[in-house]
Amino acid sequence: MPQIACKACPLRKCEIFTPFSDDEVGFTQKFKAGELTVDAGSTLLMEGSNSPQLFTVLQGMGTRAKTLPNGRRQVINFIMPGDFIGLQAGLLGEMKHSVEASSNMRLCVFNRSDFWKVFQSHPERAYDITWIAAVEEHFLGETIASIGQRDATQRLAWALLRLFQRLKAVGLADGSSVPLPFRQQDIADALGLSLVHTNKTLSRLRERQLVNWSDGTLQIHDPQALADIALVEYEEPPRRPLI
């Protein structure tokens with residue numbers, strides 16, 4: 001499979017991503033070391049590892065998960081096209097969580113050894129990396145607020161709406177449907193719910209004709225009604241940088 005040049009990156013067409021200048025495109029192309037394709041179920045980054053590479057997701061989806069001392073797995077976030085992964089290892093020396101592919105994925109590869117050149121020679125790109133780290137922290141804060149202050153129906157409505165909006169923003173919506181290859185167990189873990197409770201809550205949302213999630217596809221019939229249940233404003237995600 002031929003590699004995609006940065007100037008022809010399909011993600012750059014998505015309005016959610018801030019435009020690149022010609023200079024930024026050229027710099028990113030030099031920073032890019034290659035591409036990687038992985039199958040669903042593969043581990044991209046292992047918790048505790050010292051990865052020599054960083055990645056931007058071109059296609060596919062995955063999860064960030066942490067393994068507890070008793071062996072149980074806790075999903076802490078979901079990975080979508082355009083996300084930059086491996087930043088923890090780049091800054092802290094090792095990954096504090098694992099990254100696993102939920103579908104087949106295609107990724108741009110960057111060498112961690114070149115990472116500091118971004119800060120030395122391209123401060124605009126360095127700011128973008130800082131912004132990405134801040135947004136990830138904000139999302140985790142939102143998740144904690146959901147677990148602490150929303151009931152099960154509100155949590156699930158919030159999560160499904162956010163995932164739908166993210167996937168729609170990167171051009172993966174087909175009308176009211178988006179691909180969603182995650183397991184119900186993944187969503188349950190991320191929201192602090194049992195699988196049984198998540199399944200029953202999803203059934204109630206389906207009975208109200210608000211959502212349908214089956215066979216790897218999520219369909220949202222009334223995003224505004226779902227936002228009302230989730231206690232959030234229904235608005236487009238903010239523009240974000242693309243590394």
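Student: Which residue in β5 is the bridge partner of Arg-64?

Tutor: Asn-77 is the bridge partner of Arg-64. Keep in mind that this is a predicted model.

Student: Okay, but what makes β4 and β5 count as paired strands?

Tutor: Pairing takes at least two bridges found by DSSP. Strand β4 (residues 62-67) and strand β5 (residues 73-79) have 6 bridges between them, so they pass as a pair. The sense is antiparallel. There are 5 residues between β4 and β5 in their hairpin, and Gly-71 in that turn has a positive phi of about 90°.

Student: How do you know that β4 also pairs with β7?

Tutor: Apply the cut-off of at least two bridges again. β4 and strand β7 (residues 98-101) share 4 bridges, so they pair, in the antiparallel sense. Gly-62 stands opposite Ala-101 in β7.

Student: On to α5. Why is this helix called largely enclosed?

Tutor: A residue is buried if its relative accessible area is under 20%. In α5, 15 of the 18 residues are buried, so the rest of the structure largely encloses this helix.

Student: And its length? What span is expected for α5, and what does it reach?

Tutor: Helix α5 covers residues 152-169. From its first C-alpha to its last it reaches 26 Å, close to the 26 Å expected at 1.5 Å a residue.

Student: What makes Asp-151 a cap with a polar contact at the N-terminal end of α5?

Tutor: The limit for a polar contact is 3.5 Å between N or O atoms. A side-chain oxygen of Asp-151 lies 3.2 Å from the backbone nitrogen of Thr-153, so the distance is within the limit. Just after α5, Gly-171 takes a positive phi of about 80°.

Student: How do the axes of α5 and α7 cross, and what is that arrangement called?

Tutor: The axes of α5 and helix α7 (residues 195-207) come within 10 Å and cross at roughly 75°. Angles of 65 to 115 degrees count as roughly perpendicular, so that is the term for α5 and α7. Among the residues that meet there are Leu-156 and Leu-160 in α5, and Leu-202 and Leu-205 in α7.

Student: Last one: what makes β9 and β10 edge strands?

Tutor: The open sheet has 3 strands in the order β9-β11-β10, with antiparallel pairing. β9 (177-179) and β10 (211-214) each pair on one side only. The twist averages 15° from one strand to the next. As for β10 and strand β11 (residues 217-220), 4 bridges join them, and Asn-212 has Gln-219 in β11 as its bridge partner.

Methods. Residues are numbered from 1 along each chain as its sequence is written. This is a predicted model: local features need pLDDT of at least 70, side-chain atom pairs count only at pLDDT 80 or more; totals for chains, interfaces and linings use all residues. Side-chain values use heavy atoms; hydrogens and water are left out. Helices (H or I, at least four residues) and strands (E, at least two) are DSSP runs, numbered from the N terminus. The expected span of a helix is 1.5 Å times one less than its number of residues. Buried means under 20% relative accessible area, exposed over 50%, partly exposed in between (1.4 Å probe, protein chains only). A polar contact is a pair of N or O atoms within 3.5 Å; within protein, one must be able to donate a hydrogen and the other to accept it, and residues adjacent in sequence count only if both atoms are side-chain atoms. Axes are lines fitted to C-alpha atoms, for helices over the stretch in contact, and angles run from 0 to 180 degrees between N-to-C directions. Angles under 35 degrees count as roughly parallel, over 145 as roughly antiparallel, 65 to 115 as roughly perpendicular and the rest as oblique. Contact means heavy atoms within 4.5 Å.
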